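I opened the notebook to record what I looked up in this structure, taking the enclosed spaces, the ligand site and the charged pairs in turn.

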Amino acid sequence: MLRLTALKETFRRRPVEVNAPSTKISDYFGELVFNNETMRQYMSKEAFESVMDSVNRGVKLNRKMANQVASAMKAWAMSKDATHYTHWFQPLTGRTAEKHDAFYTPTEDGRSFETFNGEQLVQQEPDASSFPSGGIRNTFEARGYTAWDPSSPAFIIGQTLCIPTIFVSYTGESLDYKAPLIKSLQAIDKAATDVCQYFDKNISKVTATLGWEQEYFLVDSALFTARPDLVLTGRTLFGHSSSKGQQLDDHYFGSIPDRVTAFMHDFEQESLRLGIPVTTRHNEVAPNQFECAPVFEECNLAVDHNQLLMDVMEKVAHRHNFRVLLHEKPFAGMNGSGKHNNWSLGTNSSKHKNLLAPGKTPKENIRFLTFLVNTIKAVHENADLLRATIASAGNDHRLGANEAPPAILSIFIGSQLTKVLNDLEKSVTGEALTPDEKTELKLNIGKIPQILLDNTDRNRTSPFAFTGNKFEFRAVGSTANCANPMIALNAAVAKQLQDFKGEVDGLIAKGVKKDEAILNILRDYIKVSKPILFEGNGYSDEWVEEAKKRGLNNVIGTAHALDFLIEDKYKDLYERLNIMNHREVDSRYEINLEEYKLKIQIESRVMADMALNHMVPVALKYQKGMVDSVKGLKDIFEADFKKHASDQIAIIEEISSRVKTIRSLVYEMIDERKVANKLNTPKEQAVAYGDKVRPYFDKIRYEVDKLELIIDNNDWPWPKYRELLFTR
Ligand SMILES: NC(=O)CC[C@H](N)C(=O)O
């Protein structure tokens, strides 16, 4: 039997030896990246400067420069043994795509020479017809374009030079996450830089930064292969809970098992060579759950690095006989996996490096409060959009279950900042401040850094928490492309900062002093944004009640949450900021609905297959053994046999009844699928899959998991929870 063979295989596992390229990480960090330093080495000064211009100011590279850059890239890549190149992009599948082309061109006389020119670097034309487009691309215009994103450096994987690119349709509409992300970053740069002028005229650029935390599970590859559900859906659809799970809290931050340490060293080295600045690793809450985190980077680069890391992890895991589970909820009843997005805004001024970090002077702290309060207001007003961007079939299992934040968006800022905001609200009256009031206010504002230093508050139950110098969007799912929630957050804050600037300028024009104008507007914002601030336990039922009273939405289920995406308010937000037009938003809505439906459809099929083709035969075989045993007892004890056979008979009856229920539930579920498939719109289908098909999962699973408790352990077909979670 596959399970037992797989288990035997795991007995032989030993940590795989990993040799570090050097004991000093700085010796190999970024060695596979065409970064500024390498560019300087391989390019003329002129070419380097034109790349910098296009990174910093969006200036288009001319043909001559593009050719120079391409030939420098090729020379560098070939020095690292690369033979191929690819435009590396992020279609709306959520993962990355690549099509490799060789550097060489054959000549007529049977020889070949190495080529790679500016045109090949700047733009390619992959067939877009097999990627999701949500109706943007007509089949007769199957062409899509990938275009070089110079702000994210090229890198080498294996023997291929990978060039990060955006992916757009023939008509110029984006077919990926990167293009709108870059536009959202431009929007927030402009809006935040304008607001920064109140505080520091030297600031000419504001960069949104992202530091993600990637949670994941590891499962031995032999056990993984013996579970069709893990192979095909990334999560377990069946499995009785293990007697010991995470109840002893003995895994979190515990000592990392040797095989896992070897895997971590290996994928971290690969990541570091690719310039991904991973620094943190630890055990997560559930057995065999772990986390990896880099230091923060510019948001677009951080997103690329996360996409890359997920890929690298999966590849490296094979070498260690592990499989990485990135799913948000691979094991029912256990901690799920998130990808916490730590977001902040940094400037190019040495004085105000991080706009969400308090400073040393009252002036710096007015700047801090400005960005803090505007972000709070932006999240309050766009909470539903943010909710929609984290909606997925996998995250539906995680939000609101076992240590993950609920589906209600709220912000935690800690008790001390709450007090600061309350004081500000009370002391700014709208009247001109007296000199005494001004001094007092400034004194209070001046105390902020001290306060935050003492502030060790952490609230893990909050989906969006302020953590001293950044916001942590904790509700993002572990499989997600961070770009999706980051686009929404950047857009929301950009628009909010624009509005803020308009209002403050309005007051200044009426003769109000700048600081007073700012504080007055902030006071108003604090008042209206109160409902989104919540310091209590986000897992509690009371919060669900309280949130309802505050008018905060609690939308359960992706098929419903996605509706927020296409609300006029949000479509206009994206369009006004030139991030996405209505058609681009509509297409994402459709793609997300379709993906959700397909995921549940696949799960439902796998479930039916496992139940009917694996479980029922195993149960009936075991039952047959019981029947034979009862017959034998009857031969021996004749009329008296029931006295001896009562337990076997009970087991026979239980199996019959569970098999009957399983079969009828599976057939009912299949009927619901047929109904759903006939519905007309992606929305109707997604709702039917979510609300009609999915509810069968728990019911079928319940019966199968009960059979796990009575069928002979040696006959059980799939690796059990205790084996999946405790083999390492
Ligand atoms: N310790 C933690 O931070 C748990 C987080 C949890 N795994 C999540 O899904 O977000």
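**Cavities**

I began with the second largest cavity and found that W88, E98, I157, C162, L308, D311 and K315 line it. This is a predicted model, and I read every entry here with that in mind. The space in the second largest cavity comes to about 40 Å³. Sorting its lining by class, I counted four nonpolar residues, no polar ones and three charged ones. When I asked which element contributes most to that lining, the answer was α11, with three residues.

I then searched the whole structure, and the search returned two cavities of 30 Å³ or more. The largest cavity has a volume of about 120 Å³, and its lining is made up of 13 residues, with N484, L565, M580, R588 and N592 lying nearest its centre. Two elements, α18 (483-509) and α23, each give two or more residues to the lining of the largest cavity. Of these, α23 provides the largest share, namely four residues. By class, I noted nine nonpolar residues, three polar and one charged in the lining of the largest cavity.

**Second largest pocket**

I turned next to the open spaces and looked up the second largest pocket, which holds about 1200 Å³ of space. Its lining takes in 50 residues, and those nearest the centre are T93, R95, T479, E595 and K599. I wanted to know which elements supply at least two residues each to this lining. They are α9 (228-233), α11 (299-319), β13 (322-325), α13 (383-389), α14 (393-398) and α23 (582-637). The largest share again belongs to α23, which contributes ten residues to the lining of this pocket, as it also contributes the largest share to the lining of the largest cavity. The class count for the pocket lining is 22 nonpolar, 19 polar and nine charged residues.

**Ligand site**

For the ligand, I listed the residues around it and found 14, of which E215, N335, H340, R398 and R460 come nearest. By class, this shell consists of three nonpolar, five polar and six charged residues.

I then went through the polar contacts to oxygen atoms of the ligand, taking the side chains one by one. In the side chain of H340, an N or O atom is 2.8 Å from an oxygen atom of the ligand. For R460, a polar side-chain atom lies 2.8 Å from a ligand oxygen, and for R474 the corresponding distance from a polar side-chain atom to a ligand oxygen is 3.1 Å. How much of the ligand's accessible area does the protein cover? On its own the ligand has 300 Å² of accessible area, and the protein covers 98% of it.

**Salt bridges**

Lastly I looked at charged pairs, since side chains of opposite charge can pair when their charged atoms come close. Counting a side-chain nitrogen of Lys or Arg within 4 Å of a carboxyl oxygen of Asp or Glu, I arrived at 43 salt bridges. One of the pairs I looked up joins the side chains of D149 and K178, with 2.5 Å from N to O. D149 sits in the loop between β6 (144-148) and β7 (155-157), while K178 belongs to helix α7 (residues 178-196), so this salt bridge ties together parts that are 29 residues apart in sequence.

Key: Residues are numbered from 1 along each chain as its sequence is written. This is a predicted model: local features need pLDDT of at least 70, side-chain atom pairs count only at pLDDT 80 or more; totals for chains, interfaces and linings use all residues. Side-chain values use heavy atoms; hydrogens and water are left out. A residue is near a molecule or strand if one of its heavy atoms lies within 4 Å of it. A polar contact is a pair of N or O atoms within 3.5 Å; within protein, one must be able to donate a hydrogen and the other to accept it, and residues adjacent in sequence count only if both atoms are side-chain atoms. Accessible areas come from the Shrake-Rupley method with a 1.4 Å probe; for residues, only the protein chains shown count as cover. Ala, Val, Leu, Ile, Met, Phe, Trp, Tyr, Cys and Pro count as nonpolar, Asp, Glu, Lys and Arg as charged, and the others, Gly among them, as polar. On a 1 Å grid over the protein atoms alone, a cavity is a set of points where a 1.4 Å probe fits but cannot get out, and a pocket is an open set with protein on both sides within 12 Å along at least five of seven lines; lining residues have an atom within 4 Å of a point. Grid points are joined across faces, edges and corners, and a volume is the space filled by probe spheres set on the points.
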